[in-house]
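Let's take a walk through this two-chain model together. Have the viewer open and follow along as the text moves from single helices to the contact between the chains.

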Amino acid sequence: MRVKGRHKATKYRGAAGFDYHRLESTATQKSSYVTAASLILVLILSSAAFLIPDRYLPGLILCEMLLVIHGVYRRGNPGVIARVFIVQLIITMSLYYLIHGQSQLAQGAVAVLRILLAFIPGWWLSITCAPERIGEVLTWVLPVKWAFVIAASISLLPYMTVELREIYHIQCLRGARISPKALRDPRNWSELINCVIFPLLIQLLKLSRQIAVAAQLRYFGKSKQPTHWR
Amino acid sequence: MSKSFNFSLQDALFIGFCATLLVALKSMLRLKLGISGHSMFLMTFFYLICYGVVGRVGSVSACGLQSGLVAMILSVGKGGPLILIKFALPAIAMDLSLILVAGLFTLRWRCVLVGLIGCFAWATKGWVEDLLVGMTMQVALVQFALSMLKGGMFTLLAALMVPPVLERLKSHDLLYKESAK
């Protein structure tokens with residue numbers, strides 16, 4: 001009944017010349033295409049950072065500087081890039097210095113630069129593209145069942161997080177050694193598994209059974225043309 | 001290949017939940033400290049749990065691919081499509097090794113062996129990346145040995161925790177079918 005009503009409403013709006021629904025759906029479609037193009041761009045740039053010869057590196061650096069500027073303009077945090085750069089620089093350069101002495105430090109610096117160039121496109125993607133659009137693009141290539149599983153898992157993530165938090169706090173009150181400070185010692189990790197992860201696994205088993213029954217009762221997997229929820 | 005990924009909806013959902021939880025825990029506990037092997041702990045644990053609960057070859061690869069996709073969607077870790085390889089490669093290596101060792105040892109030793117093979121695949125991926133970015137063979141080999149050592153330690157810890165958890169799930173009658181023994 002509701003669906004019928006909505007359909008009618010859309011028809012009326014269409015007749016009046018303002019088809020918001022269609023307008024919205026065209027905008028969504030467009031942003032999905034933009035996301036797909038961004039994904040391909042990121043894949044190409046990240047792979048190029050590993051594969052292209054040294055003489056083409058300045059061109060790649062220029063491209064990625066544009067990405068960084070765009071990312072910062074979209075309120076991304078450039079501190080993440082700086083942290084990755086510093087961690088990689090310290091580890092790689094100290095290894096180069098210990099093994100080869102001072103002679104090949106420049107080569108080490110180029111290697112660190114390439115690692116950074118492989119990292120920047122992913123950082124840019126996480127700022128510019130909405131998660132739901134990336135998910136929608138992935139459903140174009142995934143089988144229906146796995147697309148449903150990913151959608152269900154991500155939409156149930158808040159529920160799982162709440163469960164996890166509740167179990168964690170209750171076990172903390174019971175005196176389990178699982179506070180962030182105690183978890184710095186790997187000997188306490190088995191306690192985390194027994195007190196938090198084990199009850200959570202029980203919940204997940206139960207939840208997967210419930211969702212599977214609910215989906216099958218709604219004839220999931222019976223029709224060849226599944227509907228999508230936007 | 002498509003037949004080995006043909007799980008029942010319930011199994012597929014459990015694999016998906018494990019994958020999502022792996023990614024969420026990884027970002028929540030902030031275990032992403034550059035190249036160290038912390039992430040191998042959660043990866044090995046959830047992959048082996050999936051194998052133990054679903055009890056079929058292909059479940060580990062499915063979990064790995066799902067976690068890669070979820071990490072890509074939620075932009076956890078370094079983001080971008082390359083994160084898919086990071087999650088999927090150890091999983092595929094573990095699955096392939098499971099075909100070879102299925103039914104050979106006790107569950108405990110099988111978990112340790114399969115986990116270490118996954119860790120080897122993860123460290124090899126880092127080694128190939130290091131060589132591709134132009135590091136010298138010696139530096140790349142030292143990095144490989146360090147990742148193998150650190151990752152191997154965490155893998156071992158996680159792999160030893162899986163059989164007791166599976167045992168407890170089974171004794172509570174929560175595994176609804178014949179799973180890995």
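What covers the buried residues of helix 4 of chain B? The cover includes helix 2 (38-54), helix 3 and helix 5 of chain B. Please keep in mind while reading that this is a predicted model.

**The two chains at a glance**

Chain B is helical, with 6 helices and 0 strands, and its elements follow the pattern α-α-α-α-α-α along the sequence. Chain A likewise has 0 strands, with 9 helices, and from the N terminus on it reads α-α-α-α-α-α-α-α-α. The table sets out a few values for each chain.

| Chain | Residues | Share counted as buried | Contacts (separation of 6 or more) made by residues 24 or more positions apart |
|---|---|---|---|
| Chain B | 181 residues | 53% | 71% |
| Chain A | 230 residues | 23% | 62% |

**Helix 4 of chain B**

Helix 4 of chain B has 19 residues and spans 28 Å from its first C-alpha to its last, close to the 27 Å expected at 1.5 Å a residue. Its buried residues include Ile83(B), Lys86(B), Phe87(B), Ala88(B), Pro90(B) and Ala91(B). Further buried positions in this helix include Ala93(B), Met94(B), Asp95(B), Ser97(B) and Leu98(B). Just after the helix, Gly103(B) takes a positive phi of about 80 degrees.

One residue here deserves a visit of its own. Ser97(B) sits in helix 4 (residues 83-101) of chain B. Why does Ser97(B) count as buried? It has 20 other C-beta atoms within 10 Å, and a residue is called buried if 20 or more lie within that distance. Leaving out residues up to four places away in sequence, Ser97(B) touches Val114(B) and Ile117(B). The C-alpha atoms of Ser97(B) and Phe45(B) are separated by 16 Å, with the two positions 52 residues apart along the chain counted as their distance apart.

**Helix 4 of chain A**

Now move across to the other chain. Helix 4 (residues 79-100) of chain A has 22 residues and reaches 31 Å from its first C-alpha to its last, close to the 32 Å expected at 1.5 Å a residue. Which of its residues are buried? They are Gln88(A), Thr92(A) and Tyr96(A). These cover an arc of only 60 degrees around the axis, which puts them on the same side of the helix. This fits a general rule: an α-helix has 3.6 residues a turn, so residues three or four places apart point the same way. On the other side of helix 4 of chain A, the exposed residues are Gly79(A), Ala82(A), Arg83(A), Ile86(A), Ile90(A), Ser94(A) and Leu98(A).

The buried residues of this helix pack against helix 5 (105-128) of chain A together with helix 6 (137-171) of chain B. After the helix comes Gly101(A), whose phi is positive, near 75 degrees.

**Where the chains meet**

How many residues does each chain give to the contact? The contact takes 43 residues from chain B and 55 residues from chain A. On the side of chain B, the elements that give two or more residues are helix 1 (9-28), helix 3 (59-74), helix 5 (107-132) and helix 6. The largest share of that side, 12 residues, comes from helix 1 of chain B. By type, the residues on the side of chain B divide into 28 nonpolar, 12 polar and 3 charged.

Helix 1 of chain B is also home to Ile15(B). Ile15(B) counts as buried because 32 C-beta neighbours lie inside 10 Å. Apart from residues up to four places away in sequence, Ile15(B) touches Phe7(B), Cys50(B), Val54(B), Ser59(B), Ala62(B), Cys63(B) and Gln66(B). Ile15(B) and Arg110(B) are 95 residues apart along the chain, and their C-alpha atoms are separated by 20 Å.

**The nonpolar core**

The largest nonpolar core has 98 residues. Those with the most contacts inside it are Cys18(B), Phe46(B), Tyr47(B), Ile49(B), Cys50(B), Cys63(B) and Val162(B). Domain 1 (2-136) and domain 2 (142-217) of chain A both give residues to this core, so it lies between them. Setting aside neighbours within four places in sequence, Val162(B) is in contact with Phe45(B), Leu48(B), Ile49(B), Gly52(B) and Cys111(B).

How values were computed
Residues numbered from 1 in each chain as written. Chains lettered and ligands numbered in written order. Predicted model: local features only at pLDDT ≥ 70, side-chain atom pairs only at ≥ 80, totals over all residues. Helix = DSSP H or I, 4+ residues; strand = E, 2+ residues; numbered from the N terminus. Expected span 1.5 Å × (residues − 1). Buried ≥ 20, exposed ≤ 12 C-beta atoms within 10 Å, placed from the backbone. Arc of directions from axis to C-beta. Contact = placed C-beta atoms within 7 Å. Nonpolar A, V, L, I, M, F, W, Y, C, P; charged D, E, K, R; others polar. Core = buried A, V, L, I, M, F, W, Y, C linked by C-beta atoms within 7 Å. Domains from an automatic or database assignment.
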